[in-house]
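This report describes a protein model with its ligand, taking the sheets in turn, then the ligand site, then two backbone details.

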Amino acid sequence: KEYNVAILGATGAVGTRLMQKLAESNIPVKSLKLLASKRSAGKKLKYRDDVLTVEEATPDSFDGVDLVLASAGGAVSKKLLPEAVKRGAVAVDNTSAFRMDPDVPLVVPEVNPDALENHHGIIANPNCSTIQMVVALEPIRKQFGLKQIIVSTYQAASGAGQSGLDELRDEAQEHLDGKKMDAHIFPVKGEKEHYPLAFNLLPQIDVFEKDGYTHEEWKMIHETKKIMLNDMNSGAIKVTATCVRVPVEICHGESVYFTVDDAKDASREKIQSILNDAPGVTLKDDPKKQLYPQPIDAAGKEDTYVGRVRPDQENDNAYNMWVVADNLLKGAALNTVEIGEELVKRDLI
Ligand code: A2P
């Protein structure tokens with residue numbers, strides 16, 4: 001069986017990586033359509049040995065398409081993915097548009113691949129910060145159970161797409177040249193206020209909710225519950241998050257504090273050994289050798305890197321760890337393509 005595939009948002013920071021990871025995947029591709037906005041129509045992009053022409057995405061673009069990999073923003077997904085499904089396609093969506101829809105599985109293949117069995121045409125790829133955290137926590141949860149997660153994130157500029165990356169580089173240059181930094185994207189495109197990210201930290205990712213949390217924090221809390229417990233509002237694991245944008249180009253870092261179920265007997269060594277054997281995880285944890293994950297090393301890599309595993313000195317059953325992964329790969333394009341591979345394996349397209 002071979003599939004007609006379309007990439008929606010092919011020209012973007014995630015889209016270009018979707019092409020790369022699709023080419024490396026075991027999804028049998030009969031044809032590939034590259035879709036983006038009108039601005040990019042006619043642009044040529046290389047896929048394997050072919051040069052393909054980007055087309056403007058319209059509902060009719062999906063005629064004859066079997067599998068859509070989408071990363072063109074929530075509004076575009078909301079408008080076009082139902083059209084794709086109407087025309088018989090299965091869509092894996094990288095945006096937050098459908099993640100909380102009860103009919104839409106939210107999937108990290110290392111954690112909840114079985115959720116794919118109940119799909120209705122659209123499958124959601126979780127938020128980048130959520131993915132790397134659950135990849136690291138799930139093997140620990142399986143062994144020891146989890147009661148609570150407190151996470152603080154250090155999120156790269158590329159989470160805001162190519163334009164976010166460009167803004168960080170421009171601001172850094174302006175600052176080094178002694179000029180005023182010109183901020184117009186961060187913290188959030190379209191917000192009232194904009195602040196420089198270069199040489200700065202911004203404790204706001206996405207818009208604020210009424211309760212003082214940002215929407216990015218809300219996503220981490222509820223997506224984690226939906227992925228791990230199949231219930232976005234479950235109280236079985238308590239989760240809280242603080243999300244911070246940092247002037248790093250690629251890779252999100254996370255300080256994760258978690259408590260395991262007290263009936264089980266966990267230890268630092270056992271957690272390290274579980275992480276060492278966990279799918280999709282590379283343990284990089286040796287304080288004596290100053291070994292720990294860093295964005296500079298993890299960029300371009302597929303694995304989620306974990307280090308600094310250590311027990312809380314005051315609270316029983318509590319641990320800290322540091323998690324780093326490429327937000328454009330495992331956080332986005334790679335996980336999306338892995339969902340596609342799982343759909344192919346289970347014959348769900
Ligand atoms: P384009 O390059 O033509 O603007 P990023 O996440 O890096 O910002 O990329 C966003 C992706 O979504 C790009 O490929 C962009 O295409 C695409 N996109 C933006 N708006 C639309 C739209 N209205 N229809 C289809 N694709 C869109």
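Two strands count as paired if DSSP finds at least two bridges between them. The model discussed here is a predicted one. Strand β6, residues 67-70, and strand β7, residues 90-93, run parallel and are joined by four bridges. Within this pair, Leu69 has Val92 of β7 as its bridge partner.

**The parallel sheet**

β6 and β7 belong to an open sheet of six strands with parallel pairing, in the order β5-β2-β1-β6-β7-β8. Its edge strands are β5 and β8 (122-124), each of which pairs on one side only. Strand β1 (residues 3-8) and strand β2 (residues 29-36) run parallel and are connected by six bridges. One residue of this pair is Ala6, whose bridge partner in β2 is Lys33. Together with helix α1 (residues 13-24), β1 and β2 form a β-α-β unit, and this unit is right-handed.

β2 also pairs with strand β5 (residues 55-56), in the parallel sense, over two bridges. Here Leu35 stands opposite Glu55 of β5. In a regular strand, side chains alternate between the two faces of the sheet.

**The mixed sheet**

A further open sheet has six strands and mixed pairing, and its order is β10-β9-β11-β14-β13-β12. The edge positions are taken by β10 (238-245) and β12 (281-283), and each of these strands pairs on one side only. Direction ignored, neighbouring strands of this sheet are turned against each other by 20° on average. At one end of the order, β12 pairs with strand β13 (residues 304-311) in the parallel sense, over three bridges. Thr282 has Tyr305 as its bridge partner in β13.

**The ligand site**

Which residues are closest to the ligand? Thr11, Ala13, Ser37, Arg39 and Ser40 are, out of 15 residues that surround the ligand. By class, the shell divides into six nonpolar residues, eight polar residues and one charged residue.

Three polar contacts to oxygen atoms of the ligand are listed below.

| Residue | Protein atom | Distance to a ligand oxygen atom |
|---|---|---|
| Gly9 | backbone N or O atom | 3.1 Å |
| Thr11 | side-chain N or O atom | 2.5 Å |
| Gly12 | polar backbone atom | 3.1 Å |

On its own the ligand has 580 Å² of accessible area, and the protein covers 71% of this. Thr11 thus appears twice in this account: it is among the closest residues of the shell, and a polar atom of its side chain lies 2.5 Å from a ligand oxygen atom. Gly9 and Gly12, by contrast, make their contacts through the backbone: a backbone N or O atom in Gly9, and a polar backbone atom in Gly12. Ala13, also among the closest residues, falls within the range of helix α1, residues 13-24.

**Two backbone details**

Where in the chain does Pro187 lie? Pro187 is in the loop between α4 (161-176) and α5 (215-229). The peptide bond that joins Phe186 and Pro187 is cis, with omega at about 0°. Phe199 also has its place in the loop between α4 and α5. Although Phe199 is not a glycine, its phi is positive, at about 55°.

Technical notes
Residues are numbered from 1 along each chain as its sequence is written. This is a predicted model: local features need pLDDT of at least 70, side-chain atom pairs count only at pLDDT 80 or more; totals for chains, interfaces and linings use all residues. Side-chain values use heavy atoms; hydrogens and water are left out. A residue is near a molecule or strand if one of its heavy atoms lies within 4 Å of it. A polar contact is a pair of N or O atoms within 3.5 Å; within protein, one must be able to donate a hydrogen and the other to accept it, and residues adjacent in sequence count only if both atoms are side-chain atoms. Accessible areas come from the Shrake-Rupley method with a 1.4 Å probe; for residues, only the protein chains shown count as cover. Ala, Val, Leu, Ile, Met, Phe, Trp, Tyr, Cys and Pro count as nonpolar, Asp, Glu, Lys and Arg as charged, and the others, Gly among them, as polar. A crossover is right-handed if, with the strands pointing away from the viewer, the path from the first strand over the helix to the second runs clockwise. Axes are lines fitted to C-alpha atoms, for helices over the stretch in contact, and angles run from 0 to 180 degrees between N-to-C directions.
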